[in-house]
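This report goes through a structural model by region and by type of contact. The sequence and the coordinates are shown first.

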Amino acid sequence: MNRGNTDNIDKELNRVNTIQRLPVLRSFKLLLSRLHSHADCHNRQLHYDQYVSLLLLYFFNPTFTGLRSIQHASELDNVQKKLGIKRTSLGSMSEASHVFDPQLLRPIINDLVRDVSPLKLDDRLDKLNMDLVAFDGSLLKALPKMLWALWLDEDHRAVKMHLEFSIHKGTPLQVQVTNANESEIAKLESVLAPGKLYCLDAAYAKYKFLEKIIRKSSSFVVRLRDNASYGWELVSHLEL
């Protein structure tokens, strides 16, 4: 190893020694413990709960720059003690994303969402007899090796995150990840549910689609485009 690489690693270790939120992450240990026995490799030393703990450590610490930062953090005594982990190799961290089933996190996320107390919002919103939710799609840059995420051309790859968000609780309700060209309206239509007030941007302002929300016994607040047709056309589609 040359001196330049040694200096870079020393700088990484100095950064991870200023780790934040360890007490908060320690509180996740019991919740994540149900993942510990899950393994797709009999010789695995890195367990699923430990992998998730290290990922959370990364998200809570903006000075971390990637897998190498996380791997270095796993060597620190205070991280090992509070997160209940052992020293993790870079290879194990890299392989883990292909080994562990992300669907196993759904029940844990749902438990966390249920425990969140409602936010204090405008008192008038408390009188709604519907769940107030926002739904939108956002583009996220994808890696070049993600061939399925081809977007505009071979040099532009992206995925689209379709998020349903509870305004009352300030928490996500469900997330769908698709290729960037997937229809936002189609994804919302696939999960429409009764008893909700959907807050939508102009991308969803299609009269036939808005009618489907009404027929689902829900309602909406939507931003119309500048060239939207008012009056009889809108009334006829929504049967107001």
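## Aromatic pairs around Phe 209

Phe 209 is buried, with a relative accessible area of 5%; the model is a predicted one. Tyr 204 is buried as well, at a relative accessible area of 0%. The ring centres of Tyr 204 and Phe 209 are 6.5 Å apart and their planes meet at 40°, so this pair is classed as tilted. The 40° angle falls between the limits of 30 degrees for stacked and 60 for edge-to-face pairs.

The structure has five aromatic pairs. In one of them, Phe 135 and Tyr 204 are arranged edge-to-face, with 6.3 Å from centre to centre and 90° between the planes. Phe 135 belongs to strand S1 (residues 131–141) and Tyr 204 to the loop between S5 and H10, so the pair ties together parts that are 69 residues apart in sequence. Phe 135 is buried, with a relative accessible area of 2%. Elsewhere, Tyr 48, Tyr 51 and Phe 100 make up one aromatic cluster.

## Gln 176 and its surroundings

Phe 135 is also one of the residues touched by Gln 176, which sits in strand S4 (residues 171–179). The relative accessible area of Gln 176 is 17%. Because the cut-off for buried is under 20%, Gln 176 counts as buried.

Leaving aside residues up to four places away in sequence, Gln 176 touches Phe 135, Lys 160, Met 161, His 162, Lys 187, Ser 190 and Val 191. With Lys 187 there is a polar contact between the two side chains, at 3.3 Å.

## Salt bridges

The structure holds nine salt bridges. What is the distance between the closest N and O atoms of Asp 111 and Arg 114? In this salt bridge they are 2.2 Å apart. Asp 111 and Arg 114 are three residues apart in helix H8 (residues 106–115), which means that about one helical turn separates them. Arg 114 is exposed, its relative accessible area being 56%. Asp 111 and Arg 114 also belong to a network of salt bridges that includes Arg 34.

Two further salt bridges join separate elements. Lys 196 and Glu 164 meet through their side chains, with an N to O distance of 2.5 Å. Lys 196 lies in strand S5 (residues 196–200) and Glu 164 in strand S3 (residues 156–166), so this salt bridge ties together parts that are 32 residues apart in sequence. Both Lys 196 and Glu 164 are buried. Lys 212 forms a salt bridge with Glu 189, with 2.8 Å between the closest N and O atoms. This pair links distant parts of the chain, 23 residues apart: Lys 212 is in helix H10 and Glu 189 in helix H9 (residues 184–189). Lys 212 is partly exposed at 39% relative accessibility, and Glu 189 is partly exposed with a relative accessible area of 34%.

## Helix H4

Helix H4 has 13 residues (residues 48–60), which at 1.5 Å a residue should span 18 Å. The C-alpha atoms at its ends are 19 Å apart, in agreement with that expectation.

Which residues of H4 are buried? They are Tyr 48, Asp 49, Gln 50, Tyr 51, Val 52, Ser 53, Leu 54 and Leu 57. Tyr 48 and Tyr 51 are the two members of the aromatic cluster with Phe 100 already mentioned. The buried residues of H4 pack against five helices, namely helix H2 (22–26), helix H3 (29–32), helix H5 (67–73), helix H6 (77–83) and helix H7 (90–99).

## The loop at Ser 217

Ser 217 is in the loop that runs between helix H10 (207–215) and strand S6 (219–222). The phi of Ser 217 is near 65°, a positive value in a residue that is not glycine. Most residues other than glycine have a negative phi.

## The chain overall

The protein chain contains 11 helices and six strands. Of its 240 residues, 35% are buried. The accessible surface of the protein chain is about 15,200 Å², and carbon and sulfur atoms account for 54% of this surface.

Contacts between residues at least 6 apart in sequence were also sorted by separation: 53% of them join residues at least 24 apart. The Phe 135 and Tyr 204 pair described above, 69 residues apart, is an example of distant parts tied together.

Key. Residues are numbered from 1 along each chain as its sequence is written. This is a predicted model: local features need pLDDT of at least 70, side-chain atom pairs count only at pLDDT 80 or more; totals for chains, interfaces and linings use all residues. Side-chain values use heavy atoms; hydrogens and water are left out. Helices (H or I, at least four residues) and strands (E, at least two) are DSSP runs, numbered from the N terminus. The expected span of a helix is 1.5 Å times one less than its number of residues. Buried means under 20% relative accessible area, exposed over 50%, partly exposed in between (1.4 Å probe, protein chains only). Contact means heavy atoms within 4.5 Å. A salt bridge is a side-chain nitrogen of Lys or Arg within 4 Å of a carboxyl oxygen of Asp or Glu. A polar contact is a pair of N or O atoms within 3.5 Å; within protein, one must be able to donate a hydrogen and the other to accept it, and residues adjacent in sequence count only if both atoms are side-chain atoms. Rings of Phe, Tyr and Trp (its six-membered ring) pair if their centres lie within 6.5 Å; planes under 30 degrees apart count as stacked, over 60 as edge-to-face and the rest as tilted. Accessible areas come from the Shrake-Rupley method with a 1.4 Å probe; for residues, only the protein chains shown count as cover.
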